[in-house]
Amino acid sequence: MTQAAPPAASLNTSLDTTAGTWAAVVMGGSAAQDNAFWQLFIRPARSTRWRLVTPPGTADNGGLVLVGGSGSALVTGFRPSQDLTFTPLIQTGNGGQAWSSLDPLDAALASTPDALAVNPAGGQLLALLTGGTVQASAPALPPGTRWPARRPWPPRQPASAAD
Amino acid sequence: MLVEDLGFLGGLGTDPNSMIPLILLATAGYLALARVPAAAAQPATVPAATAGWRARVRAAIAPRRLATANISSVAAVGAIGVIILGAAPMAAAQASPVADTILAQAIDGASTPLNGPAPAFNLTDQHGHDVTLASLRGKVVLLTFLDPVCTSDCPLEAQEFRQAGQQLGTASRRVELVAIVANPVDYQLGYTQAFDRQERLDGVPNWLFLTGSPAVLAQIWRGYGIAAQIEAAGSTIGHTENAYVIDPHGQLRQEMNFDPGPGTTATQSSCAAELTDAARRLLSQS
């Protein structure tokens, strides 16, 4: 008798920060709509173990979008799913041990891992929305948080024949 | 044990309405699928010379076959009748656009009459203004508890409230539609406002979506018997789906289970019809 292979978890995003490595993983077994759920893990610097730190309180079937800051800071956006049409935002300053909500975005984040960024000059969040527009907001980020400069989004490379 | 503990065939001990039709269906299915025993179906091989025997055996078996076929047919027709009796009203309800309190009660059970002072609250509405229960005296208050980032039931329940306001017509001036946040994480003003825009409630004059600190909210949830808990990571908040009717004197008069049920036009507005009826009754008494 052959045994079915266990479903593979799919890594969507990973971020390296001074506090460690964050990873957003897509889980769930079937292709049914809204049947996938996402989990957020952190592997603290100098540790070999991953810790589950998915932010509580919001269904994340639509996906998680991450933007990392200095130290253990991270902002997470919940892409909307089912009847939710706006984007809840939540932040941590201590590697996911405690979370606090930020004002939500009044639209759906684009389905891309880089849909959230932080303007290093002003500290505002920049959000790429599903319609292709970019919205700047000024959430109450933790005082004194330094957010790293993000590389500009690279121009999309034409797909090669091997792709 | 099969029946009582495991609910075998619906569980006669608790639900005769589902067990009896299931027994009928199982019997009909068995009779329809089971083959007639070979010995009865086919006579033993007989020599060609004894053809007279064959005729006699056939003649003897025929009534039994007929009887078996009749039992199968009657059971099958009975089973089809049971299915039609059960399915026809549901199909009619699915197709009907007419809201009815009977539908709401079929989904959620009858509401519970109450008579006692409603637990007080002092919270902040979606515009940032303080609202107390005492400040709503003189109006009927239809109250529920909603999670502003819920992806499924709460948006439907909010629409039931909106529809109740519409069904009340001019009487809605004497009714306040009130929801209190049922999420200890996403409880901030930005979330109640985003929810209102999502559900097109921001233009409803007698709609209040109230919030406060997690500690204050937890105290109010306890007062109204609402459980709101953080589920496993990545899940929505689990919370009780109740609605309350509070009379103009601040007395709790009715508690309703408020699960919106299956998504048909009629069922989705039937809780609204129930709320409307309750509000009209209280308004006529005051």
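Take the contacts in chain A between residues at least 6 apart in sequence: 37% of them join residues at least 24 apart. Keep in mind that this is a predicted model. For chain B, the matching share is 72%, again counting residues 24 or more positions apart among contacts with a separation of 6 or more.

The make-up of the two chains is worth setting beside those figures. Chain A has zero helices and 11 strands, so to speak a plain run of β after β along the sequence: β-β-β-β-β-β-β-β-β-β-β. Chain B, by contrast, comes to eight helices and 10 strands. As for burial, 36% of the 163 residues of chain A count as buried, and in chain B buried residues make up 35% of 286.

Let's walk through two sheets of chain A. One is an open sheet of four strands, running in the order β5-β6-β7-β8 with antiparallel pairing. Its edge strands are β5 (64-68) and β8 (100-105) of chain A, each of which pairs on one side only. Ignoring direction, neighbouring strands here are turned by 25 degrees against each other on average. In the middle of that order, β6 (residues 74-78) and β7 (residues 87-92) of chain A pair in the antiparallel sense over four bridges. If you want a spot to click on, try A:Val75, which stands opposite A:Gln91 in β7(A). As a reminder, strands of a sheet pair through backbone hydrogen bonds, either parallel or antiparallel.

Further along chain A there is an open sheet of three strands, ordered β9-β10-β11 and also paired antiparallel. Here β9 (116-118) and β11 (134-137) of chain A stand at the edges with a single partner strand each, so one side of each is left without a neighbour in the sheet. The twist from one strand to the next averages 25 degrees. Three antiparallel bridges hold the pairing of β9(A) with β10 (residues 125-128) of chain A, and A:Leu116 has A:Ala127 in β10(A) as its bridge partner.

Now over to chain B, and to helix α7 (residues 214-223) in particular. Which residues of this helix are buried? They are B:Leu217, B:Ile220 and B:Trp221. Seen down the axis of α7(B), the buried residues fall within an arc of 105 degrees, so they line one face of the helix. The spacing makes sense in general terms: an α-helix has 3.6 residues a turn, so residues three or four places apart point the same way. On the face of α7(B) turned away from the buried side, you'll find the exposed residues B:Ala215, B:Arg222 and B:Gly223. And what covers the buried residues of α7(B)? The cover includes two strands of chain B, β5 (175-181) and β7 (228-229). After the helix comes B:Gly225, with a positive phi near 70 degrees.

That leaves the place where the two chains meet. The contact takes 21 residues from chain A and 19 residues from chain B. On the side of chain B that touches chain A, the largest share comes from helix α6 (residues 189-198) of chain B, which supplies five residues. By character, that side of chain B divides into eight nonpolar, nine polar and two charged residues.

Methods
Residues are numbered from 1 along each chain as its sequence is written. Chains are lettered from A and ligands numbered from 1 in the order in which they are written. This is a predicted model: local features need pLDDT of at least 70, side-chain atom pairs count only at pLDDT 80 or more; totals for chains, interfaces and linings use all residues. Two residues are in contact if their C-beta atoms, placed from the backbone, lie within 7 Å. Ala, Val, Leu, Ile, Met, Phe, Trp, Tyr, Cys and Pro count as nonpolar, Asp, Glu, Lys and Arg as charged, and the others, Gly among them, as polar. A residue is buried if 20 or more other C-beta atoms lie within 10 Å of its own, exposed if 12 or fewer, and partly exposed in between; C-beta atoms are placed from the backbone. The arc is that of the directions from the helix axis to the C-beta atoms. Two strands pair if DSSP finds at least two bridges between them. Axes are lines fitted to C-alpha atoms, for helices over the stretch in contact, and angles run from 0 to 180 degrees between N-to-C directions.
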